[in-house]
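User: I'm new to reading protein structures and would like to take a close look at one helix. Could you walk me through how it sits among its surroundings?

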Amino acid sequence: MSACQTPIIVALDFPTREQALAAAAQLDPALCRVKVGKELFTRCGPTIVETLASKGFEVFLDLKFHDIPNTTAMAVRAAAEMGVWMVNVHCSGGLRMMAACRETLDKLNGAKPLLIGVTVLTSMEQDDLAGIGLDVPPQEQVLRLAALAAQAGMDGLVCSAQEAVALKAAHPQLQLVTPGIRPAGSAQDDQRRILTPRQALDAGSDYLVIGRPIAQAADPAKELTAVVAELA
Ligand SMILES: O=C(O)c1cc(=O)[nH]c(=O)n1[C@@H]1O[C@H](COP(=O)(O)O)[C@@H](O)[C@H]1O
């Protein structure tokens, strides 16, 4: 049972182990989980996951695997054996890819990470989708990928909180992990489909991924406490 009492996941997007651990030292594992993504993991490898776990944090390993079914399933197995709490793959890898991941995790003994499918990145809007040949609004593509993820037996989805109402109606069993969270007044950065923490929770998000507004703030503990208060 997790000691974490909030839906907040803080993205530790840092270039060094020292910076990531300095930020983590200002966060309380009772108030948030942490996310290790491509930059930090490529720099530090699995030891950063072990260190954060030893400090009491549940870790979302966000490497967004996207490959042929066997390769992706073996990567997910490696993540599970690392003891992470959540792992993700791109839904656009297709039904067989997601099903292979599900089957591989189901065969493992012991605790398994939540298996989450990334739908349409929160940095993308309709023009970006058109640029890669998808002439549909983001929500339509998200719902299409969500149906595949549900069929594959995934535990949840990464999506924008803007799609949470439609997704909860269509697939109430899927947990919604929503980045693109911006407290009122904070910079949008490269995100496009954004909501505030309160709006996201009200829309049906199960977990809120927040990076720069907390991790890169002068006082991460203060920003985290402010978001916790906004959600209370
Ligand atoms: O899978 C993710 O976590 C993810 C998916 C997505 O669609 N959008 C998205 O921003 N993310 C991640 O969520 C974090 C958001 O960080 P901030 O924009 O700094 O709050 C980053 O680490 C992204 O890699």
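Analyst: Happy to help; here is a walk along one helix, followed by a visit to a strand beside it. Keep in mind that this is a predicted model.

Let's start with helix H4, which runs over residues 69-81. How far apart should its ends be? At 1.5 Å a residue, the 13 residues of H4 should span 18 Å, and the end C-alpha atoms are indeed 18 Å apart, so the two values agree.

Now look at which way the side chains of H4 point. Thr72, Ala73, Val76, Ala79 and Ala80 are buried. These buried residues cover an arc of only 115° around the axis, which means they sit on the same side of H4. A general rule helps here: an α-helix has 3.6 residues a turn, so residues three or four places apart point the same way. Turn H4 around in your viewer, and on the face away from the buried side you will find the exposed residues Asn70 and Glu81.

What covers the buried residues of H4? The cover includes strand E3 (59-65) and strand E4 (86-90), and also helix H5 (95-107) and strand E5 (114-118). Just after H4, the chain reaches Gly83, which takes a positive phi of about 85°.

Strand E3 deserves a second look, as Lys64 is found in this strand. An unreviewed UniProt entry places the feature "active site" at Lys64. Is Lys64 buried, exposed or partly exposed? Lys64 has 17 C-beta neighbours inside 10 Å, and therefore counts as partly exposed; a buried residue would need 20 or more, and an exposed one would have 12 or fewer. Leaving aside residues up to four places away in sequence, Lys64 touches Asn88, Val89, His90 and Val118.

E3 also takes us to the ligand. Both E3 and strand E8 (207-210) supply at least two residues each to the shell around the ligand. In total, 18 residues surround the ligand, and the closest are Ala11, Leu121, Pro179, Gly211 and Arg212. Sorted by class, this shell has seven nonpolar, six polar and five charged residues.

For a contrast with the buried side of H4, visit Ala169 in helix H8 (residues 164-170). Ala169 has 10 C-beta neighbours inside 10 Å, so Ala169 counts as exposed, whereas Ala73 in H4 is buried.

Definitions and conventions: Residues numbered from 1 in each chain as written. Predicted model: local features only at pLDDT ≥ 70, side-chain atom pairs only at ≥ 80, totals over all residues. Helix = DSSP H or I, 4+ residues; strand = E, 2+ residues; numbered from the N terminus. Expected span 1.5 Å × (residues − 1). Arc of directions from axis to C-beta. Contact = placed C-beta atoms within 7 Å. UniProt positions renumbered as here; feature names shortened; annotations may be inferred. Near = placed C-beta within 6 Å. Nonpolar A, V, L, I, M, F, W, Y, C, P; charged D, E, K, R; others polar.
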